[in-house]
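User: I would like to go through the labels attached to this model. For each one, tell me what it rests on.

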Amino acid sequence: MTGLPFRSGAVPAVVDGFQPRLVPELEGLVSGGVVLSGLGGVGKTQTAAEYASRASADLVGWVTAASRSSLVSGLAELGTVVTGSVADDAERGARRFLDWCASTDHTWLVVFDDLADPADVKDLWPNTGAHGRLVVTTRRNERWALQTATRRMVPVEVFTETQSAAYLRGVLGDAPGVDDLAELLGQLPLALGQAAAYLEMTPGMTCESYIAKWRGAALREMFPDDGSETVAKTWAVSVDAADTLCDLARPMLSVMSLLDPNGIPLPVLTAQPILTYLSTGSGEPIDVDGATRALGALRRLNLITVDTESLGPVARVHALVQQVSREHLPTERLALLTRVVADAILANWPDIERDTEHAAMLRANTAALTAFGGDHLWRSGRPDLLLRAGRSLGEAGQVRAGVAYFRTLLAAAEHHLGPDHPDTFKTRNSIGYWQRQAGDLTGSYDTVVKLYADRLRVLGPDHPDTLTSRSNLARQLDKAGKRAQATEAFVQLLADRTRILGPDHPDTLITRSNLARQRGLGGDPAAAVRDLTSLLADRTRVLGPDHPDTLTTRNNLTYWRGEAGHTGVAEDFAELLADRLRVLGPDHPHTLATRSNLARHRGEAGDAVGAAHALAELLADRIRVLGPDHPATMATRTKLAIWRERAGLGDH
């Protein structure tokens, strides 16, 4: 069952005073593509949004094209809509949507907004056929890369004099000097919008006085050929006015200049690291309300927009405004802001990513920060953010992209930190992990073995990171089917971790858990039950009965009790579920895992129909919480198919 008709909620709203552009290629488009190419700020996105808002089609999709990753994710989401099922990999989901575009009889319109690099979309161009339309907005103008026989590139210029005057009069009324103001600002829509907002809210300010103020702005020239000089002077006037409304407006805009122009989660901008930075500059404590006032001042002057979306409030700032703001940052301030913004993103990055859209937005903001201040991230000791973004990419189901990401990150780590730095080792450790998740067991084994040798050489045999590599090696032995060797490796590791870290250290307890699991997998579930019973007593003593690790031990113990033939397993899982709901909440992955175990044992107790229904509900929740490409989601889909077959329910 498909989700058609479908209209993407990501299509931007058309602004008041929108001036329609004469784009014959767009208005006459029945099938094929149009690439809207032009300077940032000329209204390409608004032109595409206005066209999409009135388009009649079975599917209207809007995909942010600022990176290859965002393109793949957006196309995969549309693939889910048109096929009614979720692919087990984002790249595969994108391919399924492209196949649908080439073969469907349904009419469709897709917008690729803000294409940053034509190379990103090299093999992702949809075949429009007789029923499809594609609109692309981009600042790039490589005709050879963007135009084909069925896809035309159309330049989008600044407003005409008539459009500029109509826009300004729509906001300001029949004010004198409108034509002179439009000419001064080069008919650039972005600059006109900022100037109009300033004039509208400033009592006594006329077009003539604004022109005088603008001409008096002492700013060095910046890229006069692409319009940035115009925006720079307009920005200066608008920020001065925003500063009058709130003296935190300018530093807040500096913060935003290092983040993703397409969407910044508002909690990032009001995180404690940002508040501390604003407090340092203002000389007095700044709270969330103070940061919100700064955002409000910037919003009033049209320097930013703030939209309320399903994932929460999101701020946006035009890339040209960001560019001008960054140009005014001295190197030492850029370095400081890079550290502050990195800490703010990390502070808002949940350990468990319940919202896939929110996680994608955090990754996009990390990518922007890396582009603007990447060297400072490494120099300031903030690679943790880069490591977190890579883990998020893999956990979103893009495991092969995760391997590629960490390989690129490794090159940067070796350049900035050297090959033997602990953070370089952490990056290599991540490569090995995601290689294993992607099914490259040989490559993963090679990575883990070499990393262990280097950690042993640099850090010594008793360093915690060296012991972590030993743990990973033991896991590799298990993956290779060498379970007896893996068990022995965990036995030796447990002895060393107990000696070095102590019996109650979390890593020691984790090793005991891994060893118990290994003994169970090796065919001795009774030994697993024995070990986990002892571990549960110790974790309860050290961590308390409601600690997540204690609850995990209860889960594992109940599982192996079932494998050992004990009775009452379903009842134990039901009790554990109640505790995990109370402690962790309904959407925590561990809570969802307990629901999976409970459904399985319910089926094995004879209620196959009940197991199938429980897994169907679990699948819906895992898609909502973890996303369609998470390994746990895919595993649930497989289990549901098995229990539906056993229950004789057939296919849906």
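Analyst: A residue counts as buried when its relative accessible area is under 20%, and as exposed when that area is over 50%. The model is predicted. By that cut-off, helix α2 is mostly covered, with 8 of its 11 residues buried.

User: Which residues of α2 are the buried ones, and what do they pack against?

Analyst: They are K44, Q46, T47, A48, A49, E50, Y51 and A52. These buried residues pack against strands β1, β2, β3, β4 and β5, and also against helix α1 (24–27). Helix α2 itself spans residues 44–54 and packs on the sheet.

User: How is the direction of α2 related to that of β5?

Analyst: The two directions make about 160°. Angles over 145 degrees count as roughly antiparallel, so α2 and β5 fall in that class. Helix α3 (residues 68–83) lies across β1, β3 and β4, and its angle to β3 is also given as about 160°.

User: What makes β1 and β6 the edge strands?

Analyst: The open sheet has 6 strands in the order β1-β3-β4-β5-β2-β6, with parallel pairing. β1 (6–7) and β6 (151–155) each pair on one side only, which puts them at the edges.

User: How do you know that β2 and β5 are paired?

Analyst: Pairing requires at least two bridges between two strands. Strand β2 (residues 32–37) and strand β5 (residues 132–138) have 6 bridges and run in the parallel sense, so they qualify. Within this pair, V35 stands opposite V136 in β5.

User: What are the pairings of β4?

Analyst: β3 is joined to β4 by 6 bridges, and the two run parallel. L59 stands opposite W108 in β4. β4 and β5 also pair in the parallel sense, again over 6 bridges. There, V110 has L134 in β5 as its bridge partner. As for cover, 7 of the 8 residues of β4 are buried.

User: Why is D114 called partly exposed?

Analyst: The relative accessibility of D114 is 24%. The partly exposed class lies between the 20% and 50% cut-offs, so D114 belongs there. D114 is found in strand β4. Its phi is positive, about 60°, although D114 is not a glycine.

User: Why are α16 and α18 called oblique to each other?

Analyst: Helix α16 (residues 331–347) and helix α18 (residues 383–395) have axes that cross at roughly 40°. Under 35 degrees would count as roughly parallel, and roughly perpendicular begins at 65. The angle fits neither class, and α16 and α18 are therefore oblique. Their axes come within 9 Å, and α16 passes α18 in a left-handed crossing.

User: Which residues make this contact, and how do they divide by class?

Analyst: A342, I345 and L346 in α16 meet D384, L385 and R388 in α18. By class, the contact has 4 nonpolar, no polar and 2 charged residues. Asp and Arg count as charged, while Ala, Ile and Leu count as nonpolar, so the charged residues here are D384 and R388.

User: What kind of peptide bond joins L4 and P5, cis or trans?

Analyst: The bond is cis, with omega about -5°. P5 lies in the segment before β1.

Notes:
Residues numbered from 1 in each chain as written. Predicted model: local features only at pLDDT ≥ 70, side-chain atom pairs only at ≥ 80, totals over all residues. Heavy atoms only, no water. Helix = DSSP H or I, 4+ residues; strand = E, 2+ residues; numbered from the N terminus. Contact = heavy atoms within 4.5 Å. Axes fitted to C-alpha atoms, helices over the stretch in contact; angles between N-to-C directions. Parallel < 35°, antiparallel > 145°, perpendicular 65-115°, else oblique. Left-handed = near helix turned anticlockwise from the far one by under 90°. Buried < 20%, exposed > 50% of the residue type's maximum accessible area, 1.4 Å probe, protein only.
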